Amino acid sequence: VNFSEWDKQYAINKAMEMKIPEGLTHKHWQIINYLRKKYQADKIVPTVFQCCENNNIEMDDLAVLFPAGYHRGAVKISGLRVI
């Protein structure tokens with residue numbers, strides 16, 4: 001999806017496709033919103049380490065939130081692409 005065409009419904013639908021067990025929680029939205037704001041400001045997708053550090057979350061906890069992984073899960077649901 002194009003960054004400017006992304007909306008919350010896209011994220012919800014993508015999460016259902018990815019079978020995220022409990023749907024998107026507050027913690028999911030924290031990560032999604034962080035990724036989108038960072039991308040909008042810097043025009044790059046932050047590394048998984050930056051994401052974890054800036055959101056005060058452990059990598060294992062991020063993996064539980066996004067079972068498909070950082071790039072295939074969090075970044076994709078956020079409407080971003082890694083080149």
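Helices (H or I, at least four residues) and strands (E, at least two) are DSSP runs, numbered from the N terminus. The model is predicted; local features need pLDDT of at least 70, side-chain atom pairs count only at pLDDT 80 or more, and totals for chains, interfaces and linings use all residues. Residues are numbered from 1 along each chain as its sequence is written, and side-chain values use heavy atoms, with hydrogens and water left out.

**Figure 1. Confidence along the chain.** The average pLDDT, the predictor's confidence in each residue on a scale from 0 to 100, is 94 for the chain. A score of at least 70 is reached by 99% of the residues. Confidence is highest in α3, with a mean of 98, and lowest in α1, with a mean of 94.

**Figure 2. Helix α1 and its buried side.** Helix α1 comprises residues 8–17, and its buried residues are A11, K14 and A15 (buried: under 20% relative accessible area; exposed: over 50%; partly exposed: in between; 1.4 Å probe, protein chains only). These residues lie on the same side of α1 because they cover an arc of only 100° around the axis, the arc being that of the directions from the helix axis to the C-beta atoms. M16 and E17 are exposed and belong to the face of α1 turned away from the buried side. The cover over the buried residues of α1 includes α2 (26–42) and α5 (70–77), where contact means heavy atoms within 4.5 Å.

**Figure 3. Helix α2, its span and its buried residues.** Helix α2 has 17 residues, which at 1.5 Å a residue should span 24 Å; the expected value agrees with its end C-alpha atoms, which are 24 Å apart. The expected span is 1.5 Å times one less than the number of residues. H28, W29, I31, I32, Y34, L35 and R36 are the buried residues of α2. Among the elements that cover them are α1, α3, α4 and α5.

**Figure 4. H28 within helix α2.** H28 has a relative accessibility of 4% and therefore counts as buried. Not counting residues up to four places away in sequence, H28 touches I20, G23, L65 and F66. K76 is 48 residues from H28 along the chain, and the C-alpha atoms of the two residues are separated by 13 Å.

**Figure 5. The largest nonpolar core.** A nonpolar core is a set of buried Ala, Val, Leu, Ile, Met, Phe, Trp, Tyr and Cys residues joined through side-chain atoms within 4.5 Å. The largest such core has 23 residues, of which I31, L35, L62, F66 and Y70 touch the most other members. At least two residues of this core come from each of α1, α2, α3 (48–54), α4 (59–65) and α5. Helix α2 supplies the largest share, 5 residues. In soluble globular proteins, nonpolar side chains tend to be buried together. Leaving aside neighbours within four places in sequence, the contacts of I31 are C51, N55, I57, L62, L65, F66 and A74.

**Figure 6. The cysteines C51 and C52.** A search of the whole structure finds 0 disulfides, a disulfide being a pair of cysteine sulfur atoms within 2.5 Å. The cysteine sulfur nearest to that of C51 is in C52, at 5.6 Å, and C51 is in no disulfide. For C52, the closest cysteine sulfur is that of C51, and the separation of 5.6 Å is too far for a bond. C51 has a relative accessible area of 0% and is buried. C52 also counts as buried, because its relative accessibility is 6%.

**Figure 7. Helix α5 and its cover.** The buried residues of α5 are Y70, G73, A74, V75 and I77. What covers them includes α1, α2, α3 and α4. G79 follows α5 and has a positive phi, near 80°.

**Figure 8. Positive phi at K19, K43 and N56.** K19, just after α1, takes a positive phi of about 55°. K19 is placed in the loop between α1 and α2 and, at 68% relative accessibility, counts as exposed. K43, just after α2, takes a positive phi of about 65°. N56 is a residue other than glycine whose phi is positive, near 50°. The loop between α3 and α4 holds N56, which counts as exposed because its relative accessibility is 72%.
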